Amino acid sequence: MRRIIITTLFICIAIGANAQSLPLSGNWQYAIDSLDEGISQGWQHKSFKPTLRLPGTLDDAGIGRKPAISADSLTREVLLMLTRKHRYVGPAWYARDIIIPQNWNGKHASLLLERVLWTTHVWIDGKEFGTRNLVSTPHRYDLGQLTPGKHRIVIRVDNRKQYDMSASDMAHAYTDGTQIMWNGILGKMELEARPAARIADLQTWPDKKNRILRITITMINEGPVSAGSLLLQTGKLKKSLPVRLQEGENKLEAELPVPEGFAEADELVTRLKPLVQAVLHTLTADLKTPASADRKQLRFGWREITNHNAHLQVNGKRMFLRGTLECAIFPLTGHPPMDRKGWAKVFNSAKAYGLNHLRFHSWCPPEAAFAVADSMGFYLQVELPFWNKNAGQDSAMNNWLALEAEHISREYGHHPSFCFWSMGNELEGNFNWLEEMVAKLKKEDPRHLYSTTSFTFQQDHGAWPEPGDEFFITQWTKKGWVRGQGIFNTIAPSFNNDYTKETEGLNVPIITHEIGQYSVFPNMEEIKKYTGVLDPLNFKAIRNDLQRKNLLHLAPAFLQSSGKFAALLYKEEIERAMKTKYFSGFQLLDLHDFPGQGTALIGILDAFWDSKGLVTPEQHRMYCQPAVPLLRFEKATYRNGETFKAAAEAANFSGGVLQNITPEWTVKTTAGKLVFSGKLSQQDIAEGTGQQLGEFSFPLAGIARATALTVTLRLGERRNEWRIWVYPEKQQSEYADVHYTRNISEAMDLLQQGKKVLLNPDTAQIHGVDGRFAPVFWSPVHFPNQPGTMGILCNPKHPALADFPTEAWSDWQWWHLITSSKTMILDELPAIDPVVRVIDNFFKNRKMANVIEASVGKGKLVLVSADLTTDADKRPAAAQLRRSLMAYMHGARFQPKVALTEQQVRSLLK
């Protein structure tokens, strides 16, 4: 029977005779200790009047200082991150009374606090039981024997920063980015009663090479017994051992032979049968002595992660990581979920978009995350709570990081999903110390692969693996870039490219670091989703700024166009990774938004793991799944005198050879009309990247007008598609009544004569922002000096674009135009609806364009700030846009709605 007695001061809980745990969730007294005087004044003996619920945080209870900023203006301070509605950093005290049941008499009691930031002190009836100083793992206290009856427990939580482990408080274990510097206690809170002779720790160590399950058991003996027996069992495997028990700690190692056919825990299960859970096993350890019995259980997987010829393998099968980051992004609570339901949302969303891997950037998740990942066959990378340039330079912090690592290994190391372990993010400092950390952890816990750091900017490091690295995470090698950030703005689009040359010669598997980071315009509708402890003042400030500038009505279109563009770039990033012979995976930044660190809205999902409507899961899985059809072809734009040639290939990590596959290809117009199709020879597709399937081609001579074509490659039920553009070589491009000029004075003279003028000045003569194809990197607030626009927005049905097929957003056919442009700033002009608008970054929200039209004096003007002339033979899209604009200007539909003066036009030009 469970009886609850509630008074205004405390809750007493009595539990049934057979129960061995006492849950501590419920109402607790609390006191804020902002002056840090509680210890000196003996608050462990005091009673506190106000109450709140634990597990929980002070933020949940609305306790703390309210923000002094507002959304009235668009400032860096407002846009740096979401804003805590209530903020408190310092000591806080929590107290309640408990009742220890009679059947605990003579038993050993312990206290579990599953997750705390940062330091705890515990007193029972005024007696101190020490402190714990961990951010990644539970705080556990041995309380000895507690007499049955009433006791008072007091816990002091201090969430102040204890060590300099994070530059600008950006490490996600301790930050206000989206996980906040909360004060409270999360997850399980309970007292537990165990016998005097008990199992303190149980660990499994799969040895697949020798087909042995190695088991280590730590037992504590505080009783009169000196001997007992230990039974180890998992399924049909069992072993009984006699044990001698000395007083205090006793360690024992045992081995269970594992027969062939013992089920393996890896992604192979979910590769072939997505609805089937991964195979897990439960190890039960029963300790029996003449005085008592104790049991401990552990879930584990029979799996091994290895490096074979610089490729990752799981249980002897080649693996490829399709990953994203998890930066403790939980905007409702300000902390990670502590239950499986919350993590199921994360992993199910990632799985729906074809991912199999999460990297926990500078933090370690709680038990529930590992348990869900185990069940779904996900591969996890964990990191120490460390992101700084001072590695190895502070002995006290070094010791604390070593303690964090020891506890992470003990608490979570048995999980089969825990595959990779990095010492932190972009670390700099003493790499000898990092090497020593890795070597020590490898020796103590060989169940994972280790890396000294997840990339580094430190000179003479980061471009090739460190000696102790078992996997290598990087943006570039000593041979060049391995992600699009360093390529997409400077090298014309070619879909033949990969990073094989840049990675040849590596001796450990390479995983690309934080690819993507393509900023997407904020979704104003998302504001209403923030119903928790964080206020989206950053979103509100952007909304208010747009409203002041009469741009708010365009926000949905800005979101869609910038987002579709970002998704397009992510697709190419992923496909280049999957074409690269030596790659073992990629880590996106990010599948979902990070509204911290400068409002980094870089996901195709929002911060709640919900869709923004940019790309569906099915569309994303075309190029992000265990087996992906791929094409190599030279370029995005063609003239109809050319022949399109492509080489078909596949990345296959489906768990085995794909047998008897006949690759099929089709080519359709945007209206769905089939114009070409064909098949390649039937074949088996081996495992790995870059599996070549054959070549095909088709002539473009029959395409008489500018056309966008969709090329689709199918491998059985799998398909992928690409867009190309074809422009006629012979078409009318000059009209007697339309004057093309690059000279400003000539244009003004013609306009005064009432002529139609297409003015296309040299970009050096234009006031504005240098054209840059890729959008804002990460955040215009975090990196304010970048050119910082977010792609184009146009109406594809505008008559000026009738002969220039386009969607509303930037696509590859715009590359030569955008990179040879200067973006015009229209803030000082009358309200104008550009033919081709440029979306400014949300930190500035300027009115920008590449193509505008207006009446000027007696004439009519189209002003284009992208170069339409230079090297036109090599830039067919530029020539085609010029042709489309001139045809429009020649026709009767060219009737500009806005009038500009000559002075206003000249204000855009030098």
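**Entry 1: a small sheet**

Before anything else, a note to self: two strands pair if DSSP finds at least two bridges between them. I should also jot down that I'm working with a predicted model.

With that in hand, I looked up the sheet made of β22, β23 and β24. I found 3 strands in an open sheet, ordered β22-β23-β24, and the pairing is antiparallel. Which strands sit at the edges? I get β22 (305-308) and β24 (317-318), as each of them pairs on one side only.

Then I checked how β23 holds on to β24. Strand β23 covers residues 311-314, and 2 bridges join it to β24, the two running antiparallel. I followed up Gln 313 and found that its bridge partner in β24 is Arg 318.

**Entry 2: α3 against α4**

Next I went to a pair of helices. Helix α3 takes in residues 340-352 and helix α4 residues 367-376; their axes are 9 Å apart and the packing angle is about 45°. That angle makes α3 oblique to α4. I noted the crossing as right-handed.

Which residues meet here? From α3 I listed Arg 340, Trp 343, Ala 344, Phe 347, Asn 348 and Lys 351. Facing them from α4 are Ala 368, Ala 369, Ala 371, Val 372, Ala 373 and Met 376. Sorting the contact by residue type, I got 9 nonpolar, 1 polar and 2 charged.

**Entry 3: α5 against α6**

I did the same for the next pair. The axes of α5 (residues 395-412) and α6 (residues 431-444) come within 12 Å of each other and cross at roughly 25°. Since angles under 35 degrees count as roughly parallel, α5 is roughly parallel to α6. This crossing is right-handed.

On the α5 side, I wrote down Asn 398, Leu 401, Ala 402 and Ala 405 as making the contact. On the α6 side, Trp 433, Met 437 and Leu 441 do so. How many charged residues are in this contact? I found no charged ones, with 6 nonpolar and 1 polar making up the list.

**Entry 4: Gln 517**

Last, I picked a single residue. Gln 517 lies in the loop between β33 (510-516) and β34 (534-535). Is Gln 517 buried or exposed? Its relative accessibility is 4%, and buried means under 20%, so Gln 517 counts as buried.

I then looked for what Gln 517 touches, leaving aside residues up to four places away in sequence. My list has Arg 483, Tyr 570, Leu 589 and Ile 602, and also Val 776, Phe 777 and Trp 778.

Methods: Residues numbered from 1 in each chain as written. Predicted model: local features only at pLDDT ≥ 70, side-chain atom pairs only at ≥ 80, totals over all residues. Heavy atoms only, no water. Axes fitted to C-alpha atoms, helices over the stretch in contact; angles between N-to-C directions. Helix = DSSP H or I, 4+ residues; strand = E, 2+ residues; numbered from the N terminus. Parallel < 35°, antiparallel > 145°, perpendicular 65-115°, else oblique. Left-handed = near helix turned anticlockwise from the far one by under 90°. Contact = heavy atoms within 4.5 Å. Nonpolar A, V, L, I, M, F, W, Y, C, P; charged D, E, K, R; others polar. Buried < 20%, exposed > 50% of the residue type's maximum accessible area, 1.4 Å probe, protein only.
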